[in-house]
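This briefing concerns a protein model and the spaces inside it. Please keep the sequence and the structure in view while reading.

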Amino acid sequence: MEASELKTFIQGIPKAELHLHIEGSFEPELMFQIANRNQIAMDYDSVEALKKAYNFNNLQEFLDIYYTGAQVLIHERDFYDLTWAYLTKVHDQNVVHVEVFFDPQTHTERGIGFDVVIKGIYSALERAKKELNISYKLIMSFLRHLSEEEAFKTLESSLPFKHWIDGVGLDSSEVGNPPSKFVNVFKAAAGHGYKLVAHAGEEGPADYIWEALDLLNVVRIDHGNRCLDDDNLVKRLLDKNIPLTLCPLSNLELKVIQRMEDHPVSKMLEKGLLATIHSDDPAYFGGYMNENYYATAKGLDLSKDQLMQLAINAFEASWLDPETKALRISEVKNYFNP
Ligand code: HPA
Ligand code: ZN
């Protein structure tokens with residue numbers, strides 16, 4: 001298929017996004033706008049100068065800039081505008097279901113109330129449900145470079161808003177901060193009814209994926225690139241049908257892979273793993289859902305069947321109720337085989 005034809009085709013696929021950090025959807029233009037109205041000085045003179053800094057050699061170099069960018073978010077309206085901008089953007093890309101991460105500690109550490117953060121995000125998600133027909137789930141992530149005690153405080157702060165939150169996740173600097181560090185807080189989160197996911201095997205080893213499964217009891221692995229290093233782990237992921245939420249452009253930008261041709265997702269599909277594709281931090285990595293599908297399809301020369309499998313897998317791996325899941329999957333199948 002020609003490039004423009006493939007892009008048009010990808011645009012039309014009904015899509016689900018399951019790995020998206022709302023703070024990572026903060027476009028430079030909106031960042032400057034919010035910084036201005038909050039009278040916060042930016043470290044960069046212009047959008048262009050800021051974008052030039054988006055050149056990362058690893059996860060930590062990205063995280064340093066990502067946390068700095070988030071510092072201009074102060075008021076409920078800021079979190080609302082951030083979330084609404086993301087939702088209108090992906091609505092244009094025919095994304096019909098989202099499961100969004102937010103990092104409360106990135107904000108509460110700066111003295112912003114947990115309530116301010118979640119109210120802004122929640123209002124935008126509710127508006128999108130009504131006006132854009134986008135279904136959603138909300139996932140609160142613990143920052144793994146902080147202590148388990150800090151995560152416990154965050155869990156406590158979340159309880160008044162428990163009815164708005166579907167799950168907890170684990171993100172930030174992976175190497176040196178294994179899932180085992182958060183066993184107790186994940187157990188407590190499960191006790192409060194939260195579903196569990198964790199980033200594992202992005203830069204960290206396959207062992208961290210084992211830990212996320214065996215010690216944290218997660219139902220999904222975010223990234224999970226490194227699982228192919230370990231045949232027994234692949235078998236375990238297959239046996240339990242554990243989804244892997246992959247982020248190809250993120251992997252390329254953070255040098256988890258050197259070239260898109262090396263991305264593991266086609267091997268994962270060959271093995272029958274429940275692999276899916278998402279954008280992670282689209283404002284920083286050069287693309288939202290369509291761009292991730294396109295870069296992957298092109299880099300790995302994916303067939304239509306593989307693209308269909310990826311789109312189906314995302315709904316399969318989602319936390320939608322069984323009826324809606326079946327409906328969305330049938331819509332994907334109809335799109336590919338009208
Ligand atoms: N990995 C870990 N932490 C993150 C990421 C990621 O890809 N994006 C935002 N926080
Ligand atoms: Zn992520």
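The points below describe the ligand, the cavity and the pocket in turn. The model is a predicted one. Ligand 1 occupies the space of the largest cavity, and the protein buries 100% of the 260 Å² that ligand 1 exposes when taken alone. Helix α4 gives the most residues to the shell around ligand 1, to the lining of the largest cavity and to the lining of the largest pocket.

**The shell around ligand 1**
- The residues around ligand 1 include L59, F62, L63 and Y66.
- Helix α4 spans residues 59-70 and gives four residues to this shell, the most of any contributor.
- Other residues around ligand 1 are H21, D171, S172, H199, E202, H223, D280 and D281.
- Sorted by class, the shell holds four nonpolar, four polar and four charged residues.

**Polar atoms close to ligand 1**
- In the side chain of D280, an N or O atom is 2.7 Å from an oxygen atom of ligand 1.
- For E202, the distance from a side-chain N or O atom to a nitrogen atom of ligand 1 is 2.8 Å.
- For H21, a side-chain N or O atom lies 3.3 Å from a nitrogen atom of ligand 1.
- How much of the area that ligand 1 exposes when taken alone does the protein bury? The protein buries 100% of that area, which is 260 Å².

**The largest cavity**
- How many cavities of 30 Å³ or more are counted? The count comes to one.
- The largest cavity contains about 90 Å³ of space, and this is the space taken by ligand 1.
- Its lining consists of 13 residues, and those nearest the centre are H21, L59, F62, L63 and D281.
- Helix α4 supplies the largest share of this lining, with four residues.
- By class, the lining of the largest cavity has five nonpolar, four polar and four charged residues.

**The largest pocket**
- About 200 Å³ of space lies in the largest pocket.
- The largest pocket is lined by 14 residues, of which M42, D43, Y44, T68 and G69 are the closest to its centre.
- Which helix gives the most to the lining of the largest pocket? Helix α4 does, with three residues.
- The residues of this lining divide into ten nonpolar, three polar and one charged.

Conventions: Residues numbered from 1 in each chain as written. Chains lettered and ligands numbered in written order. Predicted model: local features only at pLDDT ≥ 70, side-chain atom pairs only at ≥ 80, totals over all residues. Heavy atoms only, no water. Near = heavy atom within 4 Å. Polar contact = N/O pair within 3.5 Å; in protein donor to acceptor, adjacent residues only side chain to side chain. Areas by Shrake-Rupley, 256 points an atom, 1.4 Å probe, with all protein chains shown as cover. 1 Å grid on protein atoms, 1.4 Å probe; cavity = no way out; pocket = protein on both sides within 12 Å on 5 of 7 lines; lining within 4 Å. Sits in = over half its atoms within 2 Å of the grid points. Helix = DSSP H or I, 4+ residues; strand = E, 2+ residues; numbered from the N terminus. Nonpolar A, V, L, I, M, F, W, Y, C, P; charged D, E, K, R; others polar. Points joined across faces, edges and corners; volume = space filled by probe spheres on them.
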